[in-house]
Structure formats: structure tokens, C-alpha cells
Amino acid sequence: MGTWSSTSPAGRVEGVDIEASQIASASARAVERGLTNAHFQVGTIYELPFASESFDAVFAHTVLQHLRDPLRALVEMRRVLKPSGIIGVRDDDWGTFLLEPSSPLLRLWESLHIKVWTHNGGNPFIGRSYRRLLKEAGFVRTLGSSSSEYHASAEETAGVAATMVEHHRAPEFINVVIEQGWADQQLLDSMYAEVQNWGERDDAFFSYTFGECIGWKPDGPSQSAG
């Protein structure tokens, strides 16, 4: 999650993530690019380490889809915004994933991914609900949009397949699947092989859509969401 303040001539960017490794990576990239107005720290989106009405804008990209209580997070993001400040949120919608040519094993892999995600308290379809959620959190003039990404070259689909297999070989994924009785290790291994085979095909195609929304914090307490 990122926040922006224009109180200084060059502005200031503050990045927050719950994972220390992500903060280290972001800090290193800022140094590489010679950025002196970007700062990063470990923190939780539920309790942002900033005073109320500190920022002109806040932005969360592929964050809220992983939370058990995204509305609480949006309310907290609203807290740190100045009156008339703007929020932006963006998450990919797993109901829009196109993985072609498809197969029964690929479709099973997709369904297991969604099951584990939901089991862990997230919402892989949250992007389509952002106008409603921002209004519930007290934002006004909510504007929704969408955009898509695709991978359709040999290098890209091979890279996507490798990332998918690596992610789903993680113990936190395998343990949930096996404990819930959704698949055994043999079936999981078959799905990994199928994903890898798909990535090596010369006709593989992968695309997905992001749900996006912006909204504004009211000027004062008299305004209501709408």
C-alpha cells in the first residue's frame, strides 16, 4: 500500500507492507532509482502508522483481495486522508481469468486456487465490488473502471507457468488442499505438470481483468456517500 503527501515541494511517498521482505525490496529499488522522497516501513493496513488527515492520496494494489476485513482497511485508509483526498484500489478478478488451451486439470487447478484463497479469508473477486465498498467506507464520487493484462509469447507463458507452480508448491497451499480433502499429492503433481506443459505450448494464452475504483474523502462531516 502506498500513500502520497504534497506538503513538501517534491511531495512524499510512504509505502507500507506487512512483509519485511517486501519493504527491503522496495527500499532497494528506491535507492537504485535515486529516489529520496520515497520511504517504506513494515506495518498493517488495519492500523496505519500515520496521523489522521496526513495524506493527499492513498493507493492499494492487489492488497484488499487478501484481507478478511477489507472494509475495515478502507475505513483506516480514509482516516489518514485529508478532506477531499483521493483513494485508489486495484485488484485482479479471478472470475475473468482466461487460461487457454484449457483442460480438466487446468480448470481443477484454478478452482483449487480459489478455494484455498477463500478458505484463508480472502476474496479473489473483490475488484468488482469496489464502488459499493468505497461508499460503505464513507467515500464519495466513486468511479469504477477495469483494465486487462495478457501473456501470449513463449517467454511470457513459460514464466507465468513457472510462477504458478512455485506458488502452489508452497506448504501453506498444499497443506490446506490436503487437509480439506480437495486433492492428494499425486493429483497436485499432475496439475503442476499440466501447468508446466501449458506454459511450453506455442499456442498458450493467458489474460485477466483488474477491477479498479477511485473515490474521494468528503470535505467535511456533513457530506454523505453517494
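Where is the place of Glu-53? Let's warm up with that one and then work through the rest together.

**Before you start**

This is a predicted model, in which local features need pLDDT of at least 70 and side-chain atom pairs count only at pLDDT 80 or more, while totals for chains, interfaces and linings use all residues. Residues are numbered from 1 along each chain as its sequence is written, and side-chain values use heavy atoms, with hydrogens and water left out.

**Exercise 1. Place Glu-53 and describe its backbone and exposure.**

Step 1. Glu-53 lies in the loop between strand E3 (38-42) and strand E4 (55-61). Helices (H or I, at least four residues) and strands (E, at least two) are DSSP runs, numbered from the N terminus.

Step 2. Phi of Glu-53 is near 55°, a positive value in a residue other than glycine. Most residues other than glycine have a negative phi, and most peptide bonds are trans.

Step 3. Glu-53 counts as partly exposed because its relative accessibility is 45%. The cut-offs are these: buried means under 20% relative accessible area, exposed over 50%, and partly exposed in between (1.4 Å probe, protein chains only).

**Exercise 2. Find a positive phi in strand E5, and a cis peptide bond.**

Step 1. Look at Ser-84, which sits in strand E5. Its phi is near 70°, a positive value in a residue other than glycine.

Step 2. With a relative accessible area of 37%, Ser-84 is partly exposed.

Step 3. Now move to Glu-100 and Pro-101, which are joined by a cis peptide bond with omega about -5°. Pro-101 belongs to the loop between strand E5 (81-100) and H3.

**Exercise 3. Describe the protein chain as a whole.**

Step 1. The protein chain has 7 helices and 7 strands. Along the sequence their pattern is β-β-α-β-β-α-β-α-α-β-α-α-α-β.

Step 2. Its C-alpha trace spans about 55 × 40 × 35 Å along the principal axes.

Step 3. Of the 226 residues in the protein chain, 42% count as buried.

Step 4. Take contacts between residues at least 6 apart in sequence: 79% of them join residues at least 24 apart. Here, contact means heavy atoms within 4.5 Å.

**Exercise 4. Is Tyr-130 buried or exposed, and what is it in contact with?**

Step 1. Tyr-130 is in helix H4 (residues 130-136).

Step 2. Its relative accessible area is 1%, so Tyr-130 is buried.

Step 3. Leaving aside neighbours within four places in sequence, Tyr-130 is in contact with Leu-64, Gln-65, Val-89, Arg-90, Asp-91, Gly-211 and Cys-213.

Step 4. With one of these, Asp-91, the side chain of Tyr-130 makes a side-chain polar contact at 2.4 Å. A polar contact is a pair of N or O atoms within 3.5 Å; within protein, one must be able to donate a hydrogen and the other to accept it, and residues adjacent in sequence count only if both atoms are side-chain atoms.

**Exercise 5. How do H5 and H6 each cross H7?**

Step 1. Two packed helices are described by the angle between their axes and the distance between the axes. Axes are lines fitted to C-alpha atoms, for helices over the stretch in contact, and angles run from 0 to 180 degrees between N-to-C directions.

Step 2. The axes of helix H5 (residues 154-168) and H7 come within 7 Å and cross at roughly 165°. H5 and H7 are therefore roughly antiparallel to each other. Angles under 35 degrees count as roughly parallel, over 145 as roughly antiparallel, 65 to 115 as roughly perpendicular and the rest as oblique.

Step 3. On the H5 side, the residues that meet H7 include Ala-158, Ala-161 and Val-165. The contact of H5 with H7 divides into 9 nonpolar, 4 polar and no charged residues. Ala, Val, Leu, Ile, Met, Phe, Trp, Tyr, Cys and Pro count as nonpolar, Asp, Glu, Lys and Arg as charged, and the others, Gly among them, as polar.

Step 4. For helix H6 (residues 171-179) and H7, the axes come within 10 Å and cross at roughly 130°, which makes H6 oblique to H7. The contact is made by Phe-173, Ile-174, Val-177 and Ile-178 of H6 and Gln-185, Leu-188 and Tyr-192 of H7.
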